[in-house]
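Trainee: Got a minute to go through this one with me? I'd like to start with the strand pairing.
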Amino acid sequence: QVQLVESGGGLVQAGGSLRLSCAASGHTPSGRPFSTYAMGWFRQAPGKERRFVAAFAWNSDKTYYTDSVRGRFTISRDNAENTMTLQMNSLKPEDTAVYFCAAGDIGSGTYYYAPVMYDNWGQGTQVTVSS
């Protein structure tokens with residue numbers, strides 16, 4: 001059973017930075033390492049649907065970002081430690097949300113941005129950016 005645990009959320013002023021971490025553990029159903037899975041970050045603001053933030057492609061080191069965070073956020077991972085991080089700089093009030101880590105054996109393709117493609121989720125960590 002796969003477990004994902006996020007950490008690093010908090011309250012920060014606009015323009016500040018936060019670093020989120022996601023620790024993956026357990027056995028993947030495929031038996032392949034997490035490094036071959038698509039792993040990403042999503043966020044959900046109150047009253048809104050969960051939305052894509054950034055991700056590593058399936059079985060690749062290619063990264064993707066939603067337009068609103070490109071240039072401000074950086075996704076990285078340590079395959080040896082099964083951890084993934086999201087460095088968030090120049091934070092804005094509209095970045096306020098619960099941030100979720102996700103992993104999925106989604107295969108190649110372009111659906112990395114769709115929450116439904118991921119079947120493993122963390123519990124979420126709150127990020128609040130004050131103006």
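Mentor: Sure. Start at L18, which stands opposite M88 in β8. Keep in mind that this is a predicted model.

Trainee: Which strands are paired there, and over how many bridges?

Mentor: β3, residues 18–25, and β8, residues 83–88. They pair in the antiparallel sense over six bridges.

Trainee: And what sheet does that belong to, in what order?

Mentor: An open sheet of four strands, ordered β1-β3-β8-β7, with antiparallel pairing. The edge strands are β1 (3–7) and β7 (73–78), each of which pairs on one side only. On average, neighbouring strands in this sheet are turned by 15 degrees against each other, ignoring direction.

Trainee: Switching to disulfides. How many does the structure hold?

Mentor: One. The disulfide joins C22 to C101, with an S to S distance of 1.9 Å. C22 is in strand β3 and C101 is in strand β9 (residues 97–104), so the pair links distant parts of the chain, 79 residues apart.

Trainee: What's the handedness of the link?

Mentor: The link of C22 and C101 is left-handed, with -60 degrees about the S-S bond.

Trainee: Are those cysteines buried or exposed?

Mentor: C22 has a relative accessible area of 1% and C101 has 0%, so both fall under the 20% cut-off and count as buried.

Trainee: Back to strands. What does β5 pair with?

Mentor: β5 pairs with β4 in the antiparallel sense over five bridges. Three bridges join β5 to strand β6 (residues 63–65), again antiparallel. A55 shows up in both pairings: G40 stands opposite A55, and the bridge partner of A55 in β6 is Y64.

Trainee: Why is β5 described as largely enclosed?

Mentor: Because five of its six residues are buried, β5 is largely enclosed by the rest of the structure.

Trainee: And the hairpins: which residues take a positive phi?

Mentor: In the hairpin of β4 and β5 there are six residues between the strands, and G47 takes a positive phi near 75 degrees. The hairpin of β5 and β6 also has six residues between the strands, and there N59 takes a positive phi near 55 degrees.

Trainee: Last topic, the largest pocket. How much space lies in it?

Mentor: About 190 Å³. The largest pocket is lined by 13 residues, and R43, A45, K48, R51 and E94 lie nearest its centre. The elements giving two or more residues to that lining are β4 (38–44) and β5 (51–56).

Trainee: What's the make-up of the lining?

Mentor: Three nonpolar, four polar and six charged residues.

Definitions and conventions
Residues are numbered from 1 along each chain as its sequence is written. This is a predicted model: local features need pLDDT of at least 70, side-chain atom pairs count only at pLDDT 80 or more; totals for chains, interfaces and linings use all residues. Side-chain values use heavy atoms; hydrogens and water are left out. On a 1 Å grid over the protein atoms alone, a cavity is a set of points where a 1.4 Å probe fits but cannot get out, and a pocket is an open set with protein on both sides within 12 Å along at least five of seven lines; lining residues have an atom within 4 Å of a point. Grid points are joined across faces, edges and corners, and a volume is the space filled by probe spheres set on the points. Ala, Val, Leu, Ile, Met, Phe, Trp, Tyr, Cys and Pro count as nonpolar, Asp, Glu, Lys and Arg as charged, and the others, Gly among them, as polar. Two strands pair if DSSP finds at least two bridges between them. Axes are lines fitted to C-alpha atoms, for helices over the stretch in contact, and angles run from 0 to 180 degrees between N-to-C directions. A disulfide is a pair of cysteine sulfur atoms within 2.5 Å. Buried means under 20% relative accessible area, exposed over 50%, partly exposed in between (1.4 Å probe, protein chains only).
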